[in-house]
Amino acid sequence: MASRWTRIIVGVGLALAAWLPAWAAATARGDLPAISDLATLESRLGTESTNAPLLLRAALEYHNRAAFASEDSSRWLTQTRTCLEKVLQLDPQNTFARTLLGSAVVISAREPFWPGAKIRRVREGLALMDTALAADPENADARFTRASNNLFLPGMFQRESIVREDFAWLQERADRGEFAADFRQYIFLYHGRAQVRWGETERARSLWEAGIAIDPNSKVAAELREALGGFISQSKGSRS
């Protein structure tokens with residue numbers, strides 16, 4: 001029994017630490033303020049405390065910092081929740097805010113020591129995301145958040161079919177050019193990472209190459225090239 005719980009602790013811990021090198025800061029319609037500097041966001045929130053798009057943008061930045069925090073992420077998660085709770089007071093049915101809150105709850109599963117508490121925290125976050133998307137399945141930002149959050153969770157949570165469905169839905173629309181260019185590139189980047197995880201490396205390569213072609217000079221294109229370069233280096237190493 002002890003070894004089983006140890007595997008669960010390690011599995012959940014590794015999954016929650018295995019976020020990709022960049023979490024998408026873009027949105028499907030590009031409708032959030034294009035501000036990534038927290039000092040600027042916080043300054044504006046001081047005078048625009050009921051500006052829902054600004055609050056949501058700040059929540060996204062705090063969320064991303066929490067996801068990548070190498071040590072204590074609790075302060076970033078607290079800020080994330082504070083902003084999202086304000087958004088949901090203004091707009092209780094905001095699907096993206098509800099899903100981002102669920103993602104933050106999953107990330108917070110790093111915090112408890114006991115494995116049972118970690119598992120309950122993950123399941124709570126998953127339930128928040130699933131409930132939000134059940135009510136509004138056409139929300140691309142929420143779909144992307146759930147897919148990229150759930151991708152590295154251990155198999156015990158049985159999320160692969162949901163991740164596959166979300167990425168298939170997103171990819172179909174990205175291929176039609178329905179989203180903002182940077183958001184489309186993030187879909188290609190993360191969908192490629194998912195394909196690597198599922199053993200479909202050639203599919204990953206084609207996704208990353210197609211993603212670069214959308215805008216070769218963008219910030220996301222650099223991340224796509226990095227992913228593609230790592231794939232090529234690994235392929236050469238396996239043949240030598």
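Among contacts in this protein between residues at least 6 apart in sequence, 63% join residues at least 24 apart, where contact means heavy atoms within 4.5 Å. Keep in mind that this is a predicted model, in which local features need pLDDT of at least 70 and side-chain atom pairs count only at pLDDT 80 or more, while totals for chains, interfaces and linings use all residues. Residues are numbered from 1 along each chain as its sequence is written, and side-chain values use heavy atoms, with hydrogens and water left out.

Let us start with the overall layout. The secondary structure comes to 11 helices and 0 strands; helices here are DSSP runs of H or I with at least four residues, strands are runs of E with at least two, and both are numbered from the N terminus. Read along the sequence, the pattern is α-α-α-α-α-α-α-α-α-α-α. Of the 240 residues in the protein, 51% are buried. Buried means under 20% relative accessible area, exposed means over 50%, and partly exposed lies in between, using a 1.4 Å probe and protein chains only.

Helix 7 (140-150) is a good place to look at burial. How many of its residues are buried? In helix 7, 11 of its 11 residues are buried. Among them are Ala140, Phe144 and Ala147, along with the charged residues Asp141, Arg143 and Arg146. What covers the buried residues of helix 7 includes helix 5, helix 6, helix 8 and helix 9 (181-197).

One of those neighbours, helix 5, can be followed in detail. Helix 5 and helix 7 pack at an angle of about 15 degrees, with their axes 8 Å apart. Axes are lines fitted to C-alpha atoms, for helices over the stretch in contact, and angles run from 0 to 180 degrees between N-to-C directions. The two helices are therefore roughly parallel to each other; angles under 35 degrees count as roughly parallel, over 145 as roughly antiparallel, 65 to 115 as roughly perpendicular and the rest as oblique. Helix 5 passes helix 7 in a left-handed crossing, meaning that the near helix is turned anticlockwise from the far one by less than a right angle. Thr95, Phe96, Thr99, Leu100, Ser103, Val106 and Ile107 of helix 5 make this contact with Asp141, Ala142, Thr145, Arg146 and Asn149 of helix 7. By class, these residues divide into 5 nonpolar, 5 polar and 2 charged. Ala, Val, Leu, Ile, Met, Phe, Trp, Tyr, Cys and Pro count as nonpolar, Asp, Glu, Lys and Arg as charged, and the others, Gly among them, as polar.

Helix 5 (residues 95-107) also packs with helix 4 (residues 74-90), at an angle of about 160 degrees and with the axes 10 Å apart. Helix 4 and helix 5 are therefore roughly antiparallel, and their crossing is left-handed. Helix 4 brings Leu77, Thr80, Arg81, Leu84, Val87 and Leu88 to the contact, and helix 5 brings Ala97, Arg98, Leu100, Leu101, Ala104 and Ile107. This contact has 9 nonpolar, 1 polar and 2 charged residues.

Now for the charges. A search of the whole structure finds 14 salt bridges, each a side-chain nitrogen of Lys or Arg within 4 Å of a carboxyl oxygen of Asp or Glu. One of them joins Glu111 and Arg121, with the closest N and O atoms 3.6 Å apart. Glu111 sits in the loop between helix 5 and helix 6 (115-135), whereas Arg121 is in helix 6, 10 residues apart. Glu111 counts as partly exposed at 39% relative accessibility, and Arg121 is partly exposed at 23%.

Another salt bridge pairs Glu172 with Arg173, at 3.8 Å between the closest N and O atoms. Here Glu172 is partly exposed, at 43%, but Arg173 counts as buried, at 13%. In helix 10 (residues 201-214), Arg205 and Glu209 are 4 residues apart and so separated by about one helical turn. Their side chains meet in a salt bridge (3.3 Å, N to O). Arg205 is partly exposed at 27%, as is Glu209 at 38%. Salt bridges that share partners also join Asp130, Arg143, Arg146, Arg159, Glu165 and Asp166 into one network.

One last stop is the backbone at Gln158, in the loop between helix 7 and helix 8 (160-175). Most residues other than glycine have a negative phi. Phi of Gln158, however, is positive, near 55 degrees. Gln158 is exposed, with a relative accessible area of 65%.
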